[in-house]
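Me: I have a structure here that I would like to go through by question and answer. Could we take the overall make-up before the details?

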Amino acid sequence: MDGVTTIGDRAERAPKEAKQPKQDRSRATRQRLLEAAVSCLAEHGWAGSTVTVVAERAGVSRGAAQHHFPTREDLFTAAVEYVAEERSTALRALFPQGAADDRRAVISALVDLYTGPLFRAALHLWVAASNEDQLRPQVTELEARVGRETHRIAVDLLAADESKPGVRETVQGLLDMARGLGLANLLTDDQARREKVVSQWAVLLDEALL
């Protein structure tokens with residue numbers, strides 16, 4: 001009858017209504033695990049970042065962690081990929097209209113990608129992958145995808161025309177330089193020197209991307 005809710009209607013609707021909060025909790029648990037994994041990896045390295053340690057930091061049981069990520073390798077590669085995607089989104093959001101008129105700001109933002117906890121965590125993952133046969137294929141694939149995405153973002157933000165000879169290599173050189181600064185930052189936080197390097201690269205890019 002019109003306007004009347006039957007028992008059958010309620011029975012059909014109840015599973016859907018009950019399911020949504022469970023899905024939300026599952027997504028929240030997964031995100032906490034990913035964020036905890038990146039933090040642990042950045043602070044304690046691969047050897048000190050077990051599933052148990054990550055689960056405790058995330059405030060969930062080991063069983064819940066393994067439900068989302070059956071293996072340790074699955075957990076940590078997913079964690080670094082998750083944060084990489086978040087940082088890529090944040091980088092694009094900094095310059096929604098592009099930033100070709102302020103290349104120094106773009107270069108500085110790109111360098112920041114390699115001087116935070118994401119890069120530190122990724123570095124530990126790379127070192128572990130060099131010694132772990134089970135981990136190496138996953139990390140190699142992840143690094144390739146993250147590298148391609150970062151390169152695309154850099155090309156877009158710098159308004160670089162890669163059809164011109166040498167432009168692609170110049171952009172890649174910028175990213176390699178940023179990675180090098182990130183490595184140096186692991187030992188000492190030399191911000192003054194980093195800012196001088198960024199300024200010089202801005203000059204070089206303005207000339208190369210004309």
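Reply: Helices and strands are here runs assigned by DSSP, with at least four residues for a helix and at least two for a strand, numbered from the N terminus. The model is a predicted one, and along its sequence the pattern reads α-α-α-α-α-α-α-α-α.

Me: How many helices and how many strands does the protein have?
Reply: The pattern along the sequence is written as α-α-α-α-α-α-α-α-α. The secondary structure therefore needs a count for helices and another for strands under the DSSP runs used here, and these come to nine helices and zero strands.

Me: What share of the contacts with a separation of 6 or more joins residues 24 or more positions apart?
Reply: A contact is counted when heavy atoms lie within 4.5 Å. Among the contacts in the protein with a separation of 6 or more, residues 24 or more positions apart account for 68%.

Me: What is the distance between the end C-alpha atoms of helix α4, and what span should its residues give?
Reply: Helix α4 covers residues 72-94, which is 23 residues at 1.5 Å a residue. Its buried residues include Glu73, Leu75, Phe76 and Tyr82. The expected span agrees with the distance between the end C-alpha atoms, since both are 33 Å.

Me: Which residue shares a salt bridge with Arg145 at 3.9 Å, N to O?
Reply: Residues three or four places apart in an α-helix point the same way, because the helix has 3.6 residues a turn. Arg145 and its partner are four residues apart in helix α7 (residues 136-158), so about one helical turn separates them. Arg145 is partly exposed at 33% relative accessible area, and the partner is partly exposed at 49%. The side chain that meets Arg145 in this salt bridge belongs to Glu141.

Me: Which residue is linked with Glu141 and Arg145 in a network of salt bridges?
Reply: A search of the whole structure finds nine salt bridges, and one of them joins Arg145 to Glu141. The residue linked with Glu141 and Arg145 in the network is Glu81.

Me: What is the N to O distance in the salt bridge of Arg152 and Glu149?
Reply: Arg152 and Glu149 are three residues apart in helix α7, and therefore about one helical turn separates them. Arg152 is partly exposed at 44%, and Glu149 is also partly exposed, at 22%. Their side chains meet in a salt bridge with an N to O distance of 2.8 Å.

Me: Are α5 and α7 roughly parallel or antiparallel to each other?
Reply: Helix α5 (residues 103-113) packs against α7 with the axes 10 Å apart and an angle of about 165°. Arg103, Val106, Leu110 and Leu113 in α5 meet Thr150, Ala154, Leu157 and Leu158 in α7, and the crossing is right-handed. Angles over 145 degrees count as roughly antiparallel, so the two helices, α5 and α7, are roughly antiparallel.

Me: What is the angle at which α6 and α8 pack?
Reply: Helix α6 (residues 117-131) and α8 have axes 10 Å apart, and the two are roughly perpendicular to each other. The contact is made by Phe119, Arg120, Leu123 and Trp126 of α6 with Arg179, Gly182, Leu183 and Asn185 of α8. Arg179 also meets Asp176 in a salt bridge. The packing angle of α6 and α8 is about 90°.

Notes. Residues numbered from 1 in each chain as written. Predicted model: local features only at pLDDT ≥ 70, side-chain atom pairs only at ≥ 80, totals over all residues. Heavy atoms only, no water. Salt bridge = Lys/Arg side-chain N within 4 Å of Asp/Glu carboxyl O. Buried < 20%, exposed > 50% of the residue type's maximum accessible area, 1.4 Å probe, protein only. Expected span 1.5 Å × (residues − 1). Axes fitted to C-alpha atoms, helices over the stretch in contact; angles between N-to-C directions. Parallel < 35°, antiparallel > 145°, perpendicular 65-115°, else oblique. Left-handed = near helix turned anticlockwise from the far one by under 90°.
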